[in-house]
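Let's take a walk through this structure together. Have the sequence and the 3D view at hand, and we will go from open space to packed interior and on to the helices and loops.

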Amino acid sequence: MFNHQRSKRNRADPIDNSNMDLMELYKRAINRPTHIPPSFIILGAQKAGTTALFQMLSNHPDLLPPHKKELDHFNVDEDYAKGMDHYLSNFPVRSLWRKRSTFEASPAYLYNAGKVAPRLRSQLPDVTCIIILRDPVSRAFSAWTMCRDFKSGSKPQPWHEHRTFRQAV
């Protein structure tokens, strides 16, 4: 009975490598790369520090960042409809030799929490969410300053803020 259970487990669990030599393990990894799902996701208000935290964590030797910062997979319906394989393709491939984690930072997830939360719970039930907030007045002033500075040469961009801070708030 023990042997039957073990052979059944080997068929169901392709990760079980107790009976494989290193060359076979290597061949499997090459032929079927597995992308690492994120261990945690950073959500936050605009101008609250998500980019700074993303950059600092990207430099940690045990963390691998995704290919870009704001994936916005769970709040953009067109991206979400592409499925989890599409989402996970943005993350690094699992290493056979070194265990590392990955993460994502998408501030818009907080703004769209009503849509994002059930999707995250359904697709990544074990993920940890880290929320970054900032003093609302400082955040608003920082956002206003950023929008005020949006210009392309002498021609302002559509999101360029021409009003004073007092007028804008």
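A pocket, as the word is used here, is an open set of grid points with protein on both sides within 12 Å along at least five of seven lines. Its volume is the space filled by probe spheres set on those points. The model you are looking at is a predicted one. In this model, the second largest pocket holds about 250 Å³ of space. Rolling a probe the size of a water molecule over the atoms is what shows where empty space is left.

Which residues line the second largest pocket? You can pick them out in your viewer: I36, P37, P38 and S39, then L64, then V93, R94 and S95, and finally R98, K99, R100 and S101. By character, this lining divides into five nonpolar, three polar and four charged residues.

Now step back for a moment and take in the whole protein. The secondary structure comes to nine helices and six strands. Of the 169 residues in the protein, 27% are buried. Among contacts with a separation of 6 or more, 69% are accounted for by residues 24 or more positions apart.

With that overview in mind, let's go to the interior. The largest nonpolar core has 13 residues, and those with the most contacts inside it are I41, F74, M84, Y87, Y109, L120 and L124. Strand β1 (40-44) and helices α5 (84-88) and α7 (113-123) each supply at least two residues of this core. Of the contributors, α5 gives the most, with three residues. Apart from this core lies another, of nine residues, among them A48, F54, L63 and A105.

F74 is a good place to look at the packing by residue. Leaving aside neighbours within four places in sequence, F74 is in contact with Y80, M84, Y87, Y109, K115, V116, R119, L120, Q123 and L124. H73 lies in the loop between β2 and α4. Is H73 buried or exposed? H73 counts as buried because its relative accessibility is 3%. Beyond its neighbours within four places in sequence, H73 is in contact with D79, Y80, G83, M84, H86, Y87 and Y109.

D72 is found in the loop between β2 (63-64) and α4 (77-81). With a relative accessibility of 16%, D72 counts as buried. The backbone here deserves a second look: phi of D72 is near 55°, a positive value in a residue other than glycine. Most residues other than glycine have a negative phi. K47 also has a positive phi, of about 65°, although it is not a glycine. K47 sits in the loop between β1 and α3 (50-58). At 32% relative accessibility, K47 counts as partly exposed.

K47 brings us to a helix further along the chain. Leaving aside neighbours within four places in sequence, S142 is in contact with K47 and R134. S142 lies in helix α8, and its C-alpha atom is separated by 9.1 Å from that of Q46, with the two positions 96 residues apart along the chain. Why does S142 count as buried? Its relative accessibility is 18%, and buried means under 20%.

Helix α8 itself covers residues 136-148, 13 residues in all. From its first C-alpha to its last, α8 reaches 18 Å, close to the 18 Å expected at 1.5 Å a residue. The buried residues of α8 are S142, A143 and W144, and they pack against α9 (165-168).

One last stop is E161, found in the loop between β6 (155-156) and α9. E161 is buried, with a relative accessible area of 14%. How far apart in space are E161 and W144? Their C-alpha atoms are 7.0 Å apart, while the two residues are 17 apart in sequence. Not counting residues up to four places away in sequence, E161 touches W144, C147, R148 and A168. W144, one of these partners, is also one of the buried residues of α8.

Notes. Residues are numbered from 1 along each chain as its sequence is written. This is a predicted model: local features need pLDDT of at least 70, side-chain atom pairs count only at pLDDT 80 or more; totals for chains, interfaces and linings use all residues. Side-chain values use heavy atoms; hydrogens and water are left out. Helices (H or I, at least four residues) and strands (E, at least two) are DSSP runs, numbered from the N terminus. The expected span of a helix is 1.5 Å times one less than its number of residues. Buried means under 20% relative accessible area, exposed over 50%, partly exposed in between (1.4 Å probe, protein chains only). Contact means heavy atoms within 4.5 Å. On a 1 Å grid over the protein atoms alone, a cavity is a set of points where a 1.4 Å probe fits but cannot get out, and a pocket is an open set with protein on both sides within 12 Å along at least five of seven lines; lining residues have an atom within 4 Å of a point. Ala, Val, Leu, Ile, Met, Phe, Trp, Tyr, Cys and Pro count as nonpolar, Asp, Glu, Lys and Arg as charged, and the others, Gly among them, as polar. A nonpolar core is a set of buried Ala, Val, Leu, Ile, Met, Phe, Trp, Tyr and Cys residues joined through side-chain atoms within 4.5 Å.
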